[in-house]
2 protein chains.
Amino acid sequence: MIGIFDSGIGGLTVVRAIKKRLPRHDIIYLGDTARTPYGNKTPETVVKYALENTDFLIKKGAKIIVMACNTASSVAFDAVKKNFDAPIFEVISPAVASALSRPQSKNAKKTAQKKTSPKETSPKETNKAHFIGVIGTQATIKSGVYERKIKEIQPDAHVFSNACPLLVPLVEEGWLNRPETRMIVKKYLHPLKTRQINTLILGCTHYPVLKDLIQKKIGHRVVIVDSPGSSAAAIADYLDARPDLDSELEKNGDLRLYASDLTPQFEKTAKIILKQNPLFQRV
Amino acid sequence: MIGIFDSGIGGLTVVRAIKKRLPRHDIIYLGDTARTPYGNKTPETVVKYALENTDFLIKKGAKIIVMACNTASSVAFDAVKKNFDAPIFEVISPAVASALSRPQSKNAKKTAQKKTSPKETSPKETNKAHFIGVIGTQATIKSGVYERKIKEIQPDAHVFSNACPLLVPLVEEGWLNRPETRMIVKKYLHPLKTRQINTLILGCTHYPVLKDLIQKKIGHRVVIVDSPGSSAAAIADYLDARPDLDSELEKNGDLRLYASDLTPQFEKTAKIILKQNPLFQRV
């Protein structure tokens with residue numbers, strides 16, 4: 001089975017994307033709703049939780065682990081990798097690769113076309129196309145992991161980050177397109193907009209639910225990259241290249257859902273994300 | 001020692017109030033910041049956490065326990081009382097008693113004075129003065145505890161409640177007087193305002209930090225009642241009546257602060273509430 005965990009419900013966006021790419025692979029999911037959210041906790045605490053969640057999934061029969069939580073991916077990946085033999089996936093590298101592989105946005109192209117002096121063909125000017133914005137939780141942004149991973153591949157990229165601590169509660173509250181939500185999203189995106197980013201990474205698995213609103217506020221020239229799709233593609237590619245491992249994975253199309261706490265609000269939002277009535281078992 | 005716990009930082013408003021009433025009594029505080037918030041979790045989970053927190057404080061030497069968290073007070077008081085011998089205090093009953101003991105608000109008086117028909121002197125009309133609004137977390141409001149406790153004392157009281165799940169994250173984010181916060185507070189209070197409440201209970205230890213804004217939005221005729229002051233008074237009265245127990249409590253004016261997680265944001269907000277540099281130990 002493919003084992004996936006998140007601090008709560010956001011990781012179900014990754015489950016949805018993996019089910020779309022690998023519909024027959026059995027999936028086991030754990031939402032740590034009893035201790036959610038992770039984004040406002042210390043790395044030390046998040047590492048502890050990530051190790052416990054991984055242990056739970058491995059004991060339930062998971063052969064590969066997906067950390068479908070940007071906060072856990074940001075601060076706990078090394079610790080989880082060190083402590084378990086199974087292949088471990090995080091959701092940050094696929095989003096970074098996807099952001100860097102996109103053709104320059106229209107905005108950047110337009111700017112480049114306008115200027116006809118020799119200057120803009122210099123490497124410095126060309127690199128200007130990589131103006132990448134990143135939004136995420138306090139813990140993710142504070143870890144600096146996106147900037148680090150982007151610069152490992154593209155050292156001249158410009159990265160601008162902003163922590164958006166209210167977006168997770170807004171999504172969980174179901175306030176997806178209220179005036180208050182629009183104001184808060186606008187405020188969080190403002191510093192990135194003034195930097196004229198051409199790519200925006202949604203560095204939290206909750207944010208895809210707000211994608212339309214975020215696109216509207218950041219402007220339609222900015223390419224939005226989110227983790228679920230790119231992470232699912234990375235896992236499919238990995239298994240394609242390792243038929244031995246892939247043959248070990250059960251393929252009945254099963255989805256087993258576990259949660260450490262189960263409120264009606266959680267089940268309601270899970271239903272919206274999965275587009276089906278989810279049957280959770282409490283652990 | 002007086003042992004006090006909360007899901008996080010909100011309970012420090014209770015610490016502040018108790019220190020004001022009983023400045024020499026030693027206090028030990030536990031903020032369960034590693035699992036905060038409680039307000040969006042199930043009663044089952046909150047009971048488990050409340051029992052663990054109480055056990056921690058008792059083992060550290062607490063002789064009486066204050067559950068300085070409305071969510072825990074709402075759903076876990078009976079379980080904690082059953083499992084421990086020490087006197088246990090919750091923060092709901094004192095606020096309810098305070099709300100019901102207030103003289104009728106100006107608003108209600110004015111309405112009564114205006115009408116001069118015999119009708120308004122009937123018991124039904126007199127009881128109209130008790131139009132009480134309650135705001136709190138999802139878990140607190142869903143428990144119905146405020147309504148139940150109010151009606152035990154004043155069966156004819158009218159109680160209107162509204163859950164305000166975004167207020168805790170807004171306080172923790174430090175967005176105390178931003179336009180977004182003002183909009184959200186206005187929206188949450190609107191259904192209570194249309195019911196013409198004359199008293200508003202702040203049913204969450206985080207909310208006193210937003211008291212001025214809440215007063216402005218609900219209107220200056222509405223009397224606002226919060227738990228910290230009334231809870232501190234209840235504890236002082238209790239100890240006054242039990243000199244034997246009181247003599248057992250150490251009185252060096254010490255304040256020992258523990259937290260299950262320690263982020264800079266947590267320490268910053270703790271400093272705002274306590275008006276001093278807090279020294280937390282991590283557990």
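Where in chain A does A:Pro37 lie? Select A:Pro37 and have a look: this proline sits in the loop between β2 (27-31) and α2 (43-59) of chain A. Keep in mind as you click around that this is a predicted model.

**Stop 1: the cis prolines**

Add A:Thr36 to the selection. The peptide bond running from A:Thr36 to A:Pro37 is cis, with omega near -5 degrees. Most peptide bonds are trans. Now hop over to chain B and pick B:Thr36 and B:Pro37, which are also joined by a cis peptide bond, with omega about -5 degrees. You'll find B:Pro37 in the loop between β2 (27-31) and α2 of chain B.

**Stop 2: a positive phi**

Back in chain A, go to the loop between α10 (179-194) and β7 (199-203), where A:Gln196 has its place. Check the backbone there: A:Gln196 is not a glycine, yet its phi is positive, about 50 degrees. Most residues other than glycine have a negative phi.

**Stop 3: two crossing helices**

Next, show α4 (residues 92-101) and α12 (residues 227-240) of chain A as cartoons. Their axes are 8 Å apart and the helices pack at an angle of about 100 degrees, which means α4(A) is roughly perpendicular to α12(A). Turn on side chains to see who touches whom: α4(A) brings A:Pro94, A:Ala95 and A:Ser98, while α12(A) brings A:Ser227, A:Ser230, A:Ser231 and A:Ala234. Sorted by class, that contact holds three nonpolar and four polar residues, with no charged ones.

**Stop 4: where the chains meet**

Zoom out and color by chain. How many residues of chain B are in contact with chain A? There are 34, and they touch 34 residues of chain A. The two chains bury about 2600 Å² between them, with 56% of it on carbon and sulfur atoms.

For the polar side of things, there are four salt bridges between chain B and chain A. One to select is B:Glu180 with A:Lys187, whose side chains meet at 3.3 Å, N to O. Between the chains you can also count 20 residue pairs in polar contact, both partners at pLDDT 80 or more.

Which elements should you highlight on the chain B side? Try α2 (43-59), α7 (138-143), α9 (167-173), α10 (179-194) and α14 (264-274), each of which supplies at least two residues to the side that touches chain A. The largest share, six residues, comes from α10(B). Finally, color that side of chain B by residue class: 14 nonpolar, nine polar and 11 charged.

How values were computed:
Residues are numbered from 1 along each chain as its sequence is written. Chains are lettered from A and ligands numbered from 1 in the order in which they are written. This is a predicted model: local features need pLDDT of at least 70, side-chain atom pairs count only at pLDDT 80 or more; totals for chains, interfaces and linings use all residues. Side-chain values use heavy atoms; hydrogens and water are left out. Contact means heavy atoms within 4.5 Å. Buried area is the accessible area (1.4 Å probe) that two parts lose on being put together, summed over both. A polar contact is a pair of N or O atoms within 3.5 Å; within protein, one must be able to donate a hydrogen and the other to accept it, and residues adjacent in sequence count only if both atoms are side-chain atoms. Helices (H or I, at least four residues) and strands (E, at least two) are DSSP runs, numbered from the N terminus. Ala, Val, Leu, Ile, Met, Phe, Trp, Tyr, Cys and Pro count as nonpolar, Asp, Glu, Lys and Arg as charged, and the others, Gly among them, as polar. Axes are lines fitted to C-alpha atoms, for helices over the stretch in contact, and angles run from 0 to 180 degrees between N-to-C directions. Angles under 35 degrees count as roughly parallel, over 145 as roughly antiparallel, 65 to 115 as roughly perpendicular and the rest as oblique.
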